[in-house]
Amino acid sequence: IPSAHNNSELGSKDIEGKADKSSSSCHNQVSLDDTPTLAFPSISTSDFQFNHDKAADIIVEKVAEYSNKVGNARLVLVDLTHKSKILSLVKSKAAEKKIDTQKFFTHVGDITRLYSTGGLRCNVIANAANWRLKPGGGGVNASIFDAAGPELESATKNKVKTLSPGNAVAVPLPSSSPLFTREGVTHVIHVLGPNMNPQRPNCLNNDYEKGCKVLQDAYASLFEGFASIVK
Ligand code: AR6
């Protein structure tokens, strides 16, 4: 089992310890009783073209607000590459604000392969969704629906049909989904962020007063959804 050490910043010792312990006691079976962890992508900053600096401020502000409300659980911001601008911005802003590194850190990796490839256990992952909660469309949404199999699409449909900007919905993942069996993910929380891309529905036309409010609401709704899963 690879260690998460190289890809996680802050709190990496902690992850390594957890990954080692659980892998030795559970063989190939994914243990679900580790420290509850939410992995989330940066909502709205790629396809939805939201300003990175403003988004980073909001992520750090909301993490600071919620990290104490989720008990011993951890929040992890994930992106695909070490060159990620949003990860560097968030890392430095989180350090400035002295956010507890046991409770919040950043990680480079594919959110659908955090345990199998990165050795990082996350029982809940967030998705930057579209308003119809449909698979495909590129970005992290396409990757998560692909990796989860048809189980995620039907579980999502059974729960809710559409999402409005600033909201999140937590969907329990059927245990037959490959994301559950391979990665130990029990829930996917779909989040719809503000959209600044004129080619996508509900474009806010650069209205950052509204956009920032919607992004704050989106993270609040995500972290509340996670808190209610872990409590
Ligand atoms: N693992 C981790 N992070 C990822 C992955 C991955 N597999 N794939 C992308 N990211 P985006 P948005 C990062 O565009 O801006 C979709 O088509 C990416 O680098 O997925 O909220 C939906 O259907 C970026 O940091 O989401 C919506 O229509 C972050 O995930 C629309 O895009 C979010 O990028 C939502 O746009």
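**Exercise 1. The two sides of α5**

Which residues on the other side of α5 are exposed, away from its buried ones?

*Solution.* Some ground rules come before the steps. The model is predicted, so local features need pLDDT of at least 70 and side-chain atom pairs count only at pLDDT 80 or more, while totals for chains, interfaces and linings use all residues. Residues are numbered from 1 along each chain as its sequence is written, and side-chain values use heavy atoms, with hydrogens and water left out.

Step 1. Fix the terms. Buried means under 20% relative accessible area, exposed over 50%, and partly exposed in between, with a 1.4 Å probe and protein chains only. Helices (H or I, at least four residues) and strands (E, at least two) are DSSP runs numbered from the N terminus.

Step 2. List the buried residues. In α5, residues 150–159, these are Glu 151, Leu 152, Ala 155 and Thr 156. Because they cover an arc of only 125° around the axis, they sit on the same side of α5; the arc is that of the directions from the helix axis to the C-beta atoms. The general rule is that an α-helix has 3.6 residues a turn, so residues three or four places apart point the same way.

Step 3. Turn to the other side of α5, where Pro 150 and Asn 158 are exposed. Pro 150 is classed as exposed because its relative accessible area is 62%. Its C-alpha atom is separated by 9.3 Å from that of Pro 135, 15 residues apart along the chain.

Step 4. Find the packing partners. The buried residues of α5 pack against α4 (139–148), β6, α6 and β7 (187–191), where contact means heavy atoms within 4.5 Å.

**Exercise 2. The chain as a whole**

State how many helices and strands the chain has, and their order.

*Solution.* Step 1. The chain holds seven helices and seven strands. Step 2. Along the sequence they run β-α-β-α-β-α-β-β-α-α-β-α-β-α. Step 3. Of the 231 residues in the chain, 51% are buried. Step 4. Among contacts between residues at least 6 apart in sequence, 72% join residues at least 24 apart.

**Exercise 3. Helix α2**

Compare the span of α2 with its expected value, then give its buried residues and their partners.

*Solution.* Step 1. α2 (residues 52–66) has 15 residues and reaches 21 Å from its first C-alpha to its last, close to the 21 Å expected at 1.5 Å a residue. The expected span is 1.5 Å times one less than the number of residues.

Step 2. The buried residues in α2 are Ala 55, Ala 56, Ile 58, Ile 59, Val 60, Lys 62, Val 63 and Tyr 66.

Step 3. These buried residues pack against β2 (37–41), β3, α3, β4 (104–108) and α7.

**Exercise 4. The largest pocket**

Describe the volume and lining of the largest pocket.

*Solution.* Step 1. Define the object. On a 1 Å grid over the protein atoms alone, a pocket is an open set of points with protein on both sides within 12 Å along at least five of seven lines, for a 1.4 Å probe, and lining residues have an atom within 4 Å of a point.

Step 2. The volume of the largest pocket is about 920 Å³, taken as the space filled by probe spheres set on the points.

Step 3. The lining has 43 residues, and those nearest the centre are Ser 46, Asp 47, Ala 128, Gly 139 and Val 140.

Step 4. At least two lining residues come from each of β3 (74–79), α3 (85–96), α4 and α7 (208–230). The largest share, four residues, is from α4.

Step 5. By class, the lining has 18 nonpolar, 17 polar and eight charged residues. Ala, Val, Leu, Ile, Met, Phe, Trp, Tyr, Cys and Pro count as nonpolar, Asp, Glu, Lys and Arg as charged, and the others, Gly among them, as polar.

**Exercise 5. Positive phi in two loops**

Are Ser 44 and Asn 205 buried or exposed?

*Solution.* Step 1. Most residues other than glycine have a negative phi. Step 2. Ser 44, in the loop between β2 and α2, has a positive phi near 75°. Ser 44 counts as buried because its relative accessibility is 5%. Step 3. Asn 205, in the loop between β7 and α7, has a positive phi near 45°. Asn 205 counts as exposed because its relative accessibility is 63%.

**Exercise 6. Ser 175**

Place Ser 175 and name the residues that it touches.

*Solution.* Step 1. Ser 175 lies in the loop between β6 (168–172) and α6 (178–183). Step 2. Ser 175 is partly exposed because its relative accessibility is 48%. Step 3. Not counting residues up to four places away in sequence, Ser 175 touches Phe 180 and Thr 181. Step 4. The C-alpha atoms of Ser 175 and Thr 186, 11 residues apart along the chain, are separated by 7.6 Å.
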